[in-house]
Amino acid sequence: MKAYTIGRGQKADIVVADSSVSRVHAELVSTDDGRLYLTDCGSKYGTFIQRDAKWKRIRQVYIRPRDPVKLGEYETSAAQLMDMLPDDKKHPRVTIIEGDFQAAPKSDLPSGPVERDPETGEIVRRTV
């Protein structure tokens with residue numbers, strides 16, 4: 001499993017230069033079996049996915065690579081975010097393909113407490 005921070009701050013793994021995106025806006029987890037899990041990190045303007053032509057605010061959810069994602073007012077997809085990663089940070093098990101999505105069992109979700117930097121909100125340690 002590999003976790004990537006998304007935000008406008010320079011310490012984010014995926015830097016998005018948009019004023020509606022928080023310094024540490026969200027986290028995108030690439031699981032060892034190639035699924036993607038998106039978590040909002042308490043952002044000011046929210047994280048949304050588009051389902052049935054409507055934007056739905058999320059806290060955490062599995063997504064398909066090509067699902068429309070909105071970070072604040074910035075519209076993108078997980079595939080586009082992953083393409084923004086430097087080659088040395090890309091997870092080799094993520095395959096960007098179209099296909100049906102099936103929710104994973106709740107037991108497969110990343111869990112456990114996280115410790116965040118109080119100034120940036122960045123996850124500094126995850127315990128499972």
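**Exercise 1. Work out where Val15 sits, how exposed it is and which residues it touches.**

Step 1: start with the secondary structure. Val15 belongs to strand S2, residues 14-15. Strands here are DSSP runs of E with at least two residues, and helices are runs of H or I with at least four residues, all numbered from the N terminus.

A quick word on the ground rules. This is a predicted model, with residues numbered from 1 along each chain as its sequence is written; local features need pLDDT of at least 70, and side-chain atom pairs count only at pLDDT 80 or more. Totals for chains, interfaces and linings use all residues, while side-chain values use heavy atoms, with hydrogens and water left out.

Step 2: check the accessibility. Val15 counts as partly exposed because its relative accessibility is 34%. The cut-offs are under 20% relative accessible area for buried and over 50% for exposed, with partly exposed in between (1.4 Å probe, protein chains only).

Step 3: list the contacts, meaning heavy atoms within 4.5 Å. Skipping residues up to four places away in sequence, Val15 touches Gly7, Arg8, Gly9, Gln10 and Met84.

Step 4: add a distance. Thr5 is 10 residues from Val15 in sequence, and their C-alpha atoms are 8.5 Å apart.

**Exercise 2. Lay out the open sheet that contains S5: what is the strand order, and which strands are at the edges?**

Step 1: get the order. Four strands make up this open sheet, arranged S6-S5-S8-S9 with antiparallel pairing. Two strands pair if DSSP finds at least two bridges between them.

Step 2: find the edges. S6 and S9 are the edge strands, as each pairs on one side only.

Step 3: look at the twist. On average, neighbouring strands of this sheet are turned by 35 degrees against each other, direction ignored. The axes are lines fitted to C-alpha atoms (for helices, over the stretch in contact), and angles run from 0 to 180 degrees between N-to-C directions.

Step 4: count bridges around S5. Five bridges join S5 to S6, and three join S5 to S8, residues 68-71.

Step 5: match up partners. Phe48 has Arg57 as its bridge partner in S6 and stands opposite Lys70 in S8. Ile49 is partnered with Lys56 in S6.

**Exercise 3. Which residues in the loop between S5 and S6 have a positive phi without being glycine?**

Step 1: locate the loop. Asp52 lies between S5 (47-51) and S6 (54-58), and Ala53 is in that loop too.

Step 2: read off phi. Asp52 has a positive value of about 55 degrees, and Ala53 has one near 65 degrees. The hairpin of S5 and S6 has two residues between the strands.

Step 3: check exposure. Asp52 counts as exposed because its relative accessibility is 75%; at 71%, Ala53 counts as exposed as well.

**Exercise 4. Is Thr76 buried or exposed, and what does its side chain pair with?**

Step 1: place it. Thr76 is in S9, residues 74-77.

Step 2: apply the cut-off. Thr76 has 7% relative accessibility, so it counts as buried.

Step 3: look for partners. The side chain of Thr76 makes a polar contact with the side chain of Gln80 at 3.0 Å. Such a contact is a pair of N or O atoms within 3.5 Å; within protein, one must be able to donate a hydrogen and the other to accept it, and residues adjacent in sequence count only if both atoms are side-chain atoms.

Step 4: leaving aside neighbours within four places in sequence, Thr76 is in contact with Asp67, Pro68, Val69 and Leu81.
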